[in-house]
Amino acid sequence: MSANSPVSPASPSAEKPKSGFRIPKIPFWAQILGGLVIGVLLGWLARSQDISWLVTTLDKVGSTFIGLLKLAVAPLVFFAILVSITNLRKVNNAARLASQTLVWFMITSLIAVVIGLAIGLITNPGAGTGLTPKDGAKPDDAGSWIDFLTGIIPTDVVTPFTDLNVLQIVFMAAVAGIAVLKIGDKAQPILDLSESVLALLQKALWWVIKLSPIGTIGLIGFAIADYGWDLISKYATFTADIYIGCALVMFGVYPLLLAFVAKVNPLQFFKGAWPAIQLAFVSRSSVGTMPVTQKVTERLGVPKEYTSFAVPFGATTKMDGCAAIYPAIAAIFVAQIFDVQMGIKEYLLIAFVSVVGSAATAGLTGATVMLTLTLSTLGLPMEGVGLLLAIDPVLDMMRTATNVAGQALVPVIVAAREKILDREAYENASASPLDDFDGTMDQPQAVPAAA
């Protein structure tokens, strides 16, 4: 070839090296971890140096992030539940899958509450705190079984969305989903619209999720600046109990269930599910984390049709952290502060409330409703709620992470038992699937019959 000959486009010499410095892409998990570190440092600085403007800034950043997450909660829950119910028509043995999901929700909740009770009885979290009944205060609203049961049915279709009553939204969505199934083809335009709106909401929520590293700085920073180590030290045993209890369930019970019931590699589960667990820890919202939970569960080999039902259902009812471990230990804590003796009857009631009443938490940040429901059932003073509100955000991070881990776990167990789990996909699930997730769910296809 002569010097004047044109260079073939396929020729290596035609490729010019790109010049300039390129910033490497930082994995999402590393961004969250960086936000945690920066938040702790800024919170410590704001508190130790009494920098009020920094405290205010951290509070605004964190509350704005949570506000953006909550903005999508009501419509997201409605359309996710509606579409998930209609997707069950594409699943063989749908009734069996739904019943198995509910059964395993209850089994894992029962295990969690037993662990919570055992930890509380061993450690006596209310002893030596220096707290007295005078430090407590009644909450503005106290949960009861009558309120819980009657509160499921809304009086109108608007108030549940404006008041963010997730339980009522779930009820309306379930009714609408069943009606769409019964109507059939005539309701197809409604279903198409619902799927489009759900995709839109998931995309918008994904943009909010991408702000998690910034939100983390504000949330963690304000927690450190506002509460400080002095307050946390009063609740040291109680806080440790919650974190230890959640850790035992998440890293002890769940791996055992995966290994011996689902017969899959537990480490691979955490590898695939970690982005959702991590986001839940920061956001303290099961519903806000729901699109990511659904995506990682799909990537763990659970069919989309079943995942689209099980994850939204779990995000509003499956609460091993908030509705099992926390109320068990909190009830023992409150009873010790108020010097109320509890026996086997009370402990059985705690287990009953945790297994049956977990829907009261409804996937929102905080578990105050569940705690008031538990205390009212046991006849314990409602002022005990006020003792725990100050430390609640610190506890809620670990509780919500445990909730979300359980919401991904149960579909994997059920899918494995029903022989519809794609084990190859499970074994090859990405360690960081969040990085290439665009915020929308693929439309499901029919699930083949179990072998």
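**Exercise 1.** In this predicted model, decide whether Ser-194 is buried or exposed.

*Solution.*
Step 1. Take the relative accessible area of Ser-194, which is 3%.
Step 2. Apply the cut-off: buried means under 20%.
Step 3. Ser-194 is therefore buried.
Step 4. Place the residue: Ser-194 belongs to helix H8.
Step 5. List what Ser-194 touches, skipping residues up to four places away in sequence: Phe-79, Leu-82 and Val-83.

**Exercise 2.** Classify Leu-211 by its accessible area, and find the surface patch that includes Leu-211.

*Solution.*
Step 1. Locate Leu-211: it sits in the loop between helix H8 (188–209) and helix H9 (212–234).
Step 2. Its relative accessible area is 38%.
Step 3. Buried means under 20% and exposed over 50%, so a value in between counts as partly exposed. Leu-211 is partly exposed.
Step 4. Leu-211 joins Leu-68, Leu-71 and Ile-214 in a nonpolar surface patch. Together they have about 380 Å² of accessible area.

**Exercise 3.** Describe the surroundings of Val-55.

*Solution.*
Step 1. Val-55 is part of helix H2 (residues 52–71).
Step 2. Leave aside neighbours within four places in sequence; Val-55 then contacts Ala-46, Phe-222 and Ala-225.
Step 3. Now check Gly-43, twelve residues away along the chain: its C-alpha atom is 7.3 Å from that of Val-55.

**Exercise 4.** Describe how helices H12 and H18 pack.

*Solution.*
Step 1. Two packed helices are described by an angle and a distance between their axes.
Step 2. For H12 (residues 286–299) and H18 (residues 392–417), the angle is about 35 degrees and the axes are 10 Å apart.
Step 3. The crossing is right-handed.
Step 4. Name the contacts: Ser-286, Thr-289, Thr-293 and Thr-297 in H12 meet residues of H18, including Thr-400, Asn-403 and Pro-411.

Conventions:
Residues numbered from 1 in each chain as written. Predicted model: local features only at pLDDT ≥ 70, side-chain atom pairs only at ≥ 80, totals over all residues. Heavy atoms only, no water. Helix = DSSP H or I, 4+ residues; strand = E, 2+ residues; numbered from the N terminus. Contact = heavy atoms within 4.5 Å. Patch = residues over 30% accessible without salt bridge, like charges linked within 9 Å, V, L, I, M, F, W, Y side chains within 5 Å. Areas by Shrake-Rupley, 256 points an atom, 1.4 Å probe, with all protein chains shown as cover. Salt bridge = Lys/Arg side-chain N within 4 Å of Asp/Glu carboxyl O. Buried < 20%, exposed > 50% of the residue type's maximum accessible area, 1.4 Å probe, protein only. Axes fitted to C-alpha atoms, helices over the stretch in contact; angles between N-to-C directions. Left-handed = near helix turned anticlockwise from the far one by under 90°.
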